[in-house]
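Please find below my notes on the model, set out as numbered points. They go through local contacts, strand pairing, backbone geometry and nonpolar packing in turn.

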Amino acid sequence: MPAVKQASRLVTAATVMAVAALAPGIAYAGGRGGNGNVGQTQQHGDSDGDGKLSATAGAVVFDRSKNGAGDAAGPVASSSGNWTPPACYYAPKYTPDELQKYLEPIWNAESTGSDWDQTQRDRYVNGGEAKDFNKDKAGKGYWWDSYVTPGREGDPHALDCTESIFWVDKGDPPPARIPQAITPEVLAQLAYAEIRVPGTKVDLAPEGTTKVNLPTWAWLDTAKFKPVSVTASVPLLGVTATTTAEPVALRIDPGTADAQTYPASGVCEIEGDRIGEAYAKGKAGKTPPCGVKYLRSSGDGSYKLRATITWKIHWTGTGVTDPRDLPDGTFGADQDVVVQEIQSVNR
């Protein structure tokens with residue numbers, strides 16, 4: 001990897017770390033900082049009191065005001081193979097003056113080798129790709145460079161963005177040959193990584209301790225399971241995307257093969273405004289629409305019942321009014337269930 005590109009990565013990583021340290025207010029890197037740098041990090045804007053409205057490095061601003069919240073909330077995992085949102089991406093980083101201020105000290109330090117430095121000067125100064133860093137285009141576009149997605153700094157795919165710094169005129173799309181360059185779809189994928197959904201501890205009846213061969217009812221408070229969304233935007237470019245997650249089903253995994261689920265698939269579809277059905281007096285002889293029946297005692301321990309919600313995820317954005325699908329997401333949690341033998345009395 002060229003030394004100047006490696007230096008760029010180090011600057012990017014430092015920017016991301018700096019943003020991560022800003023809390024609980026709003027960290028903004030989409031506009032110009034105190035020195036006018038496109039990628040400069042600074043405090044910006046208002047929050048909703050919980051720090052949900054925030055931004056990250058790389059000119060991408062996240063609005064989390066409609067995201068899930070609470071101690072048990074967490075990120076969804078893609079249910080589609082090994083798909084993940086991009087670990088790195090390209091976005092505007094420098095004006096012509098800023099790129100000059102960034103590159104010239106590197107060249108002057110001669111740490112990248114005279115041949116490489118001359119190649120860079122030929123490219124950015126002597127009319128190779130740009131003459132004098134494109135200063136004649138100042139205000140008409142930006143130099144784009146790579147950023148590491150916050151939280152993915154240790155991911156090997158964070159090193160996938162090896163493209164050299166490139167220029168994009170205002171109003172023009174980034175080069176199609178660079179799949180990680182910011183577009184509404186890439187913004188939607190970055191917003192996917194920011195989605196947080198409620199915890200999935202289910203209500204059980206009987207609660208905590210049940211009996212062998214006794215149907216245990218399971219249900220969720222649907223008031224907690226409403227659609228959530230995150231909006232990602234790049235103010236410099238005027239592009240935006242909103243990624244929305246909607247709950248569609250609850251899967252019950254009893255934590256043992258010695259059990260029977262209701263329904264047999266273990267998947268409780270969301271019907272209207274309910275997931276499963278709350279147990280009430282008089283239902284003891286009925287089969288629960290969502291639940292489990294354990295066939296063997298848990299002995300001195302317990303079974304780990306896992307409840308997982310599947311979330312249907314889609315996005316809309318600049319130029320995209322009809323929702324487009326992203327891979328479904330899942331989020332689950334374990335809870336202990338003690339199963340006892342039914343005691344009989346011999347007379």
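1. A polar contact here is a pair of N or O atoms within 3.5 Å, where, within protein, one atom must be able to donate a hydrogen and the other to accept it, and where residues adjacent in sequence count only if both atoms are side-chain atoms. In that sense the side chain of S302 makes a polar contact with the side chain of D336, at 3.5 Å. The model is a predicted one, in which local features need pLDDT of at least 70 and side-chain atom pairs count only at pLDDT 80 or more, whereas totals for chains, interfaces and linings use all residues. Residues are numbered from 1 along each chain as its sequence is written, and side-chain values use heavy atoms, with hydrogens and water left out.

2. To place S302 in its surroundings: the residue sits in the loop between β19 and β20 (303-317), where helices (H or I, at least four residues) and strands (E, at least two) are DSSP runs numbered from the N terminus. Its relative accessibility is 33%, so S302 counts as partly exposed, a class that lies between buried (under 20% relative accessible area) and exposed (over 50%), computed with a 1.4 Å probe on protein chains only. With neighbours within four places in sequence left aside, S302 is in contact (heavy atoms within 4.5 Å) with D336, V337 and V338. S302 and G208 are 94 residues apart in sequence, yet their C-alpha atoms are 9.4 Å apart in space.

3. Which residues of β13 (residues 216-220) are buried? T216, A218 and L220 point one way from the strand and W217 and W219 the other way, and all are buried. Because 5 of the 5 residues of β13 are buried, the strand is largely enclosed by the rest of the structure.

4. The pairing of β13 deserves a careful look, on the criterion that two strands pair if DSSP finds at least two bridges between them. Strand β11 (residues 203-205) pairs with β13 in the antiparallel sense over 3 bridges, and D203 has W219 of β13 as its bridge partner. Strand β18 (residues 274-276) is likewise antiparallel to β13, over 2 bridges, with W219 opposite G276. A further 2 bridges join β13 to β19, again antiparallel; here W217 stands opposite G291, while T216 stands opposite V292.

5. Strand β19 (residues 291-294) is buried on both faces, with G291 and K293 pointing one way and V292 and Y294 the other. Besides β13, strand β16 (residues 259-262) is joined to β19, in this case by 4 antiparallel bridges, and T261 has V292 as its bridge partner there.

6. Two cis peptide bonds should be checked by eye. The bond from A205 to P206 is cis, with omega near 0°, and P206 lies in the loop between β11 and β12 (209-211). The bond from Y262 to P263 is also cis, with omega near -10°, and P263 is placed in the loop between β16 and β17 (267-271).

7. Positive phi values come next. E110, which is not a glycine, has a positive phi of about 55° and belongs to the loop between α2 (96-109) and α3 (114-124); its relative accessible area is 62%, so E110 is exposed. D132, also a residue other than glycine, has phi near 55° and is found in the loop between α3 and β8 (141-148); at 33% relative accessibility, D132 counts as partly exposed.

8. Where is the nonpolar packing centred? A nonpolar core is taken as a set of buried Ala, Val, Leu, Ile, Met, Phe, Trp, Tyr and Cys residues joined through side-chain atoms within 4.5 Å. The largest such core has 57 residues, of which V60, I182 and L250 touch the most other members; its largest share, 7 residues, comes from β20. Apart from that core lies another, of 12 residues, among them L99, W107, Y124 and A130. Beyond its neighbours within four places in sequence, L250 is in contact with residues including V202, L220, I275 and I309.

9. Helix α4 (residues 184-194) is mostly covered, with 9 of its 11 residues buried. Among the buried residues of α4 are P184, V186, L187, Q189, Y192 and E194.
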